[in-house]
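Trainee: I would like a close look at a single part, set against the whole chain. Which residues make the nonpolar surface patch?

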Amino acid sequence: IDYMRDKYGHAAQIITFGTLKARGVIRDVCRVKNVPLSKADKIAKLVPESAGMTLDKALEAEPRLREIYENDEQIKEVIDICKKLEGLARHASVHAAGFVIADRPLTDFVPLYKAPRCDDIITQYDGDAVEKVGLLKMDFLGSKTLSVLKQACSLVKEFHDIDIDLDK
């Protein structure tokens, strides 16, 4: 990160947003609506654990959840609220490997913020959005990125006879 900032100047880490997933949003809304923790936990655990699970899918897939939804007014109200909140951002954090680079100040492209308790500058747009506004997005942990860099070094050597050592 320090190298990228020193080398290019106009660089920052990328924000990422944790979203309200089916089980978590049930627990959060139950807490706000004063549903007892044991009841909230029981309802949340009825949501199947699978990728892309939504409350609508869970109501279709789990007959016990559907029955409670249809017969318990308090839980029906909770789940109806949850359906409206599901998928919204719950919290922000810094992407583990995402980094953007620009040819001029980042403020020309995106809003920025300074991370709490440190001096890191973070984009307020997520990875997809930073690409849409024209920034170069890099993933420094991805092996695909390392492969692209290695290929680029080979091409520079082939066409310009310049050796680039990635280990430095």
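Mentor: Let me begin with overall shape, for which the radius of gyration is taken over C-alpha atoms and the globule rule is 2.2 Å times the number of residues to the power 0.38. By that rule a compact globule of 168 residues would have a radius near 15 Å, whereas the protein has 23 Å, and its C-alpha atoms fill a box of roughly 75 × 30 × 25 Å along the principal axes. This is a predicted model, in which local features need pLDDT of at least 70 and side-chain atom pairs count only at pLDDT 80 or more, while totals for chains, interfaces and linings use all residues. Residues are numbered from 1 along each chain as its sequence is written, and side-chain values use heavy atoms, with hydrogens and water left out.

The secondary structure comes to eight helices and five strands (DSSP runs numbered from the N terminus, H or I of at least four residues for helices, E of at least two for strands), and along the sequence the pattern reads α-β-α-α-α-α-α-β-β-β-α-β-α.

Your patch is made by L149, I162, I164 and L166, and covers about 330 Å² (Shrake-Rupley area, 1.4 Å probe, with only the protein chains shown as cover for residues). Its members need over 30% relative accessible area and no salt bridge (Lys or Arg side-chain nitrogen within 4 Å of an Asp or Glu carboxyl oxygen), with nonpolar side chains (Val, Leu, Ile, Met, Phe, Trp, Tyr) joined within 5 Å and like charges within 9 Å. Within the patch, I162 lies in the segment after helix 8 (143-160), and I162 counts as partly exposed because its relative accessibility is 45%, that class lying between buried (under 20%) and exposed (over 50%), with a 1.4 Å probe and protein chains only. Of the 168 residues, 31% count as buried.
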